[in-house]
Amino acid sequence: MSEVDKRDLIILLKNIGELLEIKGESPFKSRAYYNASNMLENLNEDIGELIDEDRLKDLKGIGDALNKKITEFYKTGRLQYYEDLKQEFPESLLDILNVPGVGPKKVGILYKQLGIKTVGELEYACIENRLVELPGFGEKTQKKILEGINQYKKYQGRYLYSDAYGQAEVIIRYLGSLKQIEKLEIAGSLRRKKEIIGDIDILAASTDPIPVMDAFTKAEFVRDIIALGDTKSSIYTDMGMQVDLRVVKPEEYPYALQHFTGSKEHNVSLRHRAKEMGLKMNEYGLFKEDGSNVPVADEGELYKAVGLEFIPPEMREDMGEIEAAAEDKLPKLITEEDLKGIIHVHTVYSDGSCTIEDMACRARDLGYSYICITDHSQSAFYAGGLKPDDVFRQWKEIDELNKRGIGIKIFKGIESDILTDGSLDYPEEILKNFDLVIGSVHSNFGMPEHDMTARIVNALNNRYLSIFGHPTGRLLLSREGYDMDMEEVMEEAAKNNKVIEINASPYRLDMDWRLLKKGKDMGIKFAICPDAHNLQGLDDMKYGVGAARKGWLEKDDVINCMDVGSIFRS
DNA sequence: GCCGTTTTCGGCCCGACTGTTTTCAGTCG
């Protein structure tokens, strides 16, 4: 099954779960579909193969019914059950679920009683005051939904990690000045370093929560208060981000930090494990059957209490980390300190805004021992790509800087366009003299999947290509990656010993962390690259490390943790 | 719809806040 079909299947199952909730079916039935969707997303096996070998039903969460449905979808490309469901409840209802404050029950009522099928129709119905008479609705609900729609339309509630982190820092600084707060930390998806953040979760410990909540909801950055309670409050910031603050007693803090860090799926699995051990787990403690609490000083002790190694927050995505922790087989995750050098940097030679020397000195000051300059190649005319003469001029400058000695070794690289036929952008006699060649797709994004795959596979067979740059070409929250068969590309990279880039720009974070573990198991090495276009861009390395950690990578999986001899040609 | 060392039925993780109720359902995390 291709990546695209797999993606479709995962969405299909999730959609069915949501439609069943709207329909009012058993919540456990819905959950079975969500579970299956989530499980398949994290599955590192080809679903088509599993079906062909009749092994699909062996997966935990797949029974007779789902086995049949998934097989039907695989064989025919559609699912009659879903088509029937859509006749009853149009697919467009699912979009309404993205409006904060509107869940499946309300969507069901709105559809059945008012025939509302889209967010636009819902907005109009609010304005016409037609929600107030519905059962379970009222004046305030209608107003809240209208506000929710504005939020939905304006921001769609999703932010880049880097933007959310910047906002969170402001809030942490503010809350940190409150004398009632004893402990304070970012939790949620932000602590797990997800590339896209829905809202910011902050946890505080205090014996006196009321003034904390008061100060929080009255802070300068607050635009609207969504909820205000003794232990939990939510606000929208002036930037439009939702922030949840949870305040617990100091003795509850480790349990709460674990709980509010999530992910939801990780916690479900963890609580399930606790329950099997006769323990009840929630944000207030870990309780034995007699109701007594198992005391812990920190998260590490909490995981230990349920028989697990400490699981770093980045790994808590229910992708097998609990099973690995139970067997003491968690990887020793890469850290920023493991990085020795910088690869993938642009300068004034192409579309960067700083000189080679400026970039190199900054990298040196950040503690790196080498930097590899990789400007754009000649076909990238929009980015000022280097003609052969420019390349020779740049090599000369690099030689001079290295000779003079500025405290960091500079390597000569290039980010070569992968042309439409898969060839690189210079003749062999130039390519062979670079220390390192990154090959990236920058044009003709719209090629059909088969052609794009062939183009990239061709490039991966070029002996001069070292690193395959930003493999999908995605721009988070704005552009989907191009169509290609990632499975085939990864196999080709593994076969040819080609490195795959983890582009550390917070706008890209490409390759996606969800695929890293699989790549690692295939024997692929990765390069964490800032794709820096100015001095600040070099700071993006930390985002790439975050993604690598989410993908279970260790320092031995990442080439810029290795000695230069194994990376560069010269 | 799934699952099983309490197995083929009766469970399925847990709690805060809000609004619409008069004891609770819905939403969210």
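Here are five short exercises with worked solutions on the predicted model of chain A.

Residues are numbered from 1 along each chain as its sequence is written, and chains are lettered from A in the order in which they are written. Local features need pLDDT of at least 70, side-chain atom pairs count only at pLDDT 80 or more, totals for chains use all residues, and side-chain values use heavy atoms, with hydrogens and water left out.

**Exercise 1: overall build**

Describe the secondary structure and compactness of chain A.

Solution. Start with the elements: chain A has 23 helices and 16 strands, where helices (H or I, at least four residues) and strands (E, at least two) are DSSP runs numbered from the N terminus. Next, take the radius of gyration over C-alpha atoms and apply the globule rule, 2.2 Å times the number of residues to the power 0.38. The radius is 26 Å, close to the 25 Å given by the rule for 570 residues, so chain A is as compact as a globular protein of that length. Finally, look along the principal axes: the C-alpha trace spans about 75 × 60 × 55 Å.

**Exercise 2: the interior**

Find out how much of chain A is buried, and locate its nonpolar cores.

Solution. Call a residue buried under 20% relative accessible area, exposed over 50% and partly exposed in between (1.4 Å probe, protein chains only). By that count, 53% of the 570 residues are buried. Now join buried Ala, Val, Leu, Ile, Met, Phe, Trp, Tyr and Cys residues through side-chain atoms within 4.5 Å to obtain nonpolar cores. The largest has 96 residues, and L245, I371, I410, I456 and I528 have the most contacts inside it. Apart from it lies another core of 45 residues, among them L12, L13, L94 and F137.

**Exercise 3: packing of helix α12**

Which residues of α12 are buried, and what do they pack against?

Solution. Helix α12 covers residues 209–217, and its buried residues are V212, M213, A215, F216 and T217. Then list the partners by contact (heavy atoms within 4.5 Å): these buried residues pack against α10 (161–176), β5 (222–228), β6 (232–237) and β7 (242–248). Step past the helix and you reach E220, in the loop between α12 and β5. E220 is exposed, with a relative accessible area of 80%.

**Exercise 4: two helix residues**

Is Q142 buried or exposed, and how does R362 count at its relative accessibility?

Solution. Place Q142 in helix α9 (residues 139–155); its relative accessible area is 7%, so Q142 is buried. Leaving out residues up to four places away in sequence, Q142 touches A125, C126, N129, R130, L131 and V132. Turn to R362, in helix α17 (residues 356–365), which counts as partly exposed at 27%. With the sequence neighbours up to four places away again left out, R362 touches L535, L538 and D539. The C-alpha atoms of R362 and N534 are separated by 10.0 Å, although these positions lie 172 residues apart along the chain count.

**Exercise 5: backbone exceptions**

Where does a cis peptide bond occur, and what is phi of H344 and of D531?

Solution. Recall the background: most residues other than glycine have a negative phi, and most peptide bonds are trans. The cis bond joins G262 and S263, with omega about 0 degrees; S263 sits in the loop between α13 (253–261) and α14 (264–276). Phi of H344 is near 85 degrees, and this residue of strand β10 (residues 341–345) is buried at 0% relative accessibility. Phi of D531 is near 50 degrees; D531 belongs to the loop between β16 (526–529) and α23 (541–550) and is buried at 11%.
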